[in-house]
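Work through the following exercises with the sequence and the coordinates at hand, and compare each of your results with the solution that follows it.

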Amino acid sequence: MAATQWALDPTHSEVQFKVKHLVISTVTGSFKQFSGEAHTEGDSFDNAQVKFTAQIDSIDTNQAQRDEHLKSAEFFDTATYPELSFVSTSFVKDSEGEYKLIGNLTLHGVTQPITLDVEYGGQAGDFYGNQKAGFEVSGKLSRKDYGLTWSGITEAGSIVVSDEVKLLASLQFAKQA
């Protein structure tokens, strides 16, 4: 069976994260610049090889002052660590339309294994004759595992930012000719 290459379509994809703020509410952020690819045998995504990168400098939490703080040396230190990257080690079917994507996530100069849940939305052709495949990806990580240790405590003793970060991505890949 022929090897097939798929390219992430950034205009039909989004990459978000959610983190608890003051333990009572959630702040959502996204990365506006990212790229990715998948290599499959034929059109089946079973055992696909996936690579993904996001430009940390493109972070957007809908609040410019917070974004600049996140880019600073206290958090992501984008001057030293400009990218988040993921390289899969396995992509296995869990049940019909459900997969586990396992790989290595590199963030802030630290690489850790991570398991992500993937819901496969299927494939369809677009108006231009391109074959597309859609996925919903979710997972969690501990920011401290990646050396992102900034924290603050309010006067009342509340933690400003939780350790757990939820990752969410809606991804569309285009089959390459």
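**Exercise 1.** Determine whether lysine 71 is buried or exposed, and describe its surroundings.

*Solution.* Lysine 71 has a relative accessible area of 17%, and because buried means under 20% relative accessible area, exposed over 50% and partly exposed in between (1.4 Å probe, protein chains only), lysine 71 counts as buried. The model is a predicted one, in which local features need pLDDT of at least 70 and side-chain atom pairs count only at pLDDT 80 or more, while totals for chains, interfaces and linings use all residues. Residues are numbered from 1 along each chain as its sequence is written, and side-chain values use heavy atoms, with hydrogens and water left out.

Next, place the residue: lysine 71 belongs to helix 1 (residues 64-71), where helices (H or I, at least four residues) and strands (E, at least two) are DSSP runs numbered from the N terminus. Its side chain reaches the backbone oxygen of aspartate 57 at 3.1 Å. Finally, with neighbours within four places in sequence left aside, lysine 71 is in contact (heavy atoms within 4.5 Å) with Asp57, Ile59, Phe76, Asp77 and Thr78.

**Exercise 2.** Locate histidine 108 and find which residues are in contact with it.

*Solution.* Histidine 108 sits in the loop that lies between strand 8 (98-107) and strand 9 (110-125). With a relative accessible area of 15%, histidine 108 is buried. A polar atom of its side chain lies 3.2 Å from the backbone oxygen of phenylalanine 75. Beyond the neighbours within four places in sequence, the contacts of histidine 108 are Phe75, Phe76, Asp77, Tyr81, Tyr146, Gly147 and Leu148.

**Exercise 3.** Count the aromatic pairs and classify two of them.

*Solution.* Rings of Phe, Tyr and Trp (its six-membered ring) pair if their centres lie within 6.5 Å, and planes under 30 degrees apart count as stacked, over 60 as edge-to-face and the rest as tilted. By this rule the count is 10 aromatic pairs. The rings of phenylalanine 17 and phenylalanine 31 have centres 5.6 Å apart and planes at 45°, so this pair is tilted. Since phenylalanine 17 lies in strand 2 (residues 14-21) and phenylalanine 31 in strand 3 (residues 25-31), the pair ties together parts that are 14 residues apart in sequence.

Tyrosine 99 and tyrosine 120, at 6.2 Å centre to centre and with 85° between the planes, form an edge-to-face pair. This pair links strand 8, which holds tyrosine 99, to strand 9, which holds tyrosine 120, 21 residues apart. Tyrosine 99 is buried at 5% relative accessible area, whereas tyrosine 120 is partly exposed at 23%.

Methods:
Polar contact = N/O pair within 3.5 Å; in protein donor to acceptor, adjacent residues only side chain to side chain.
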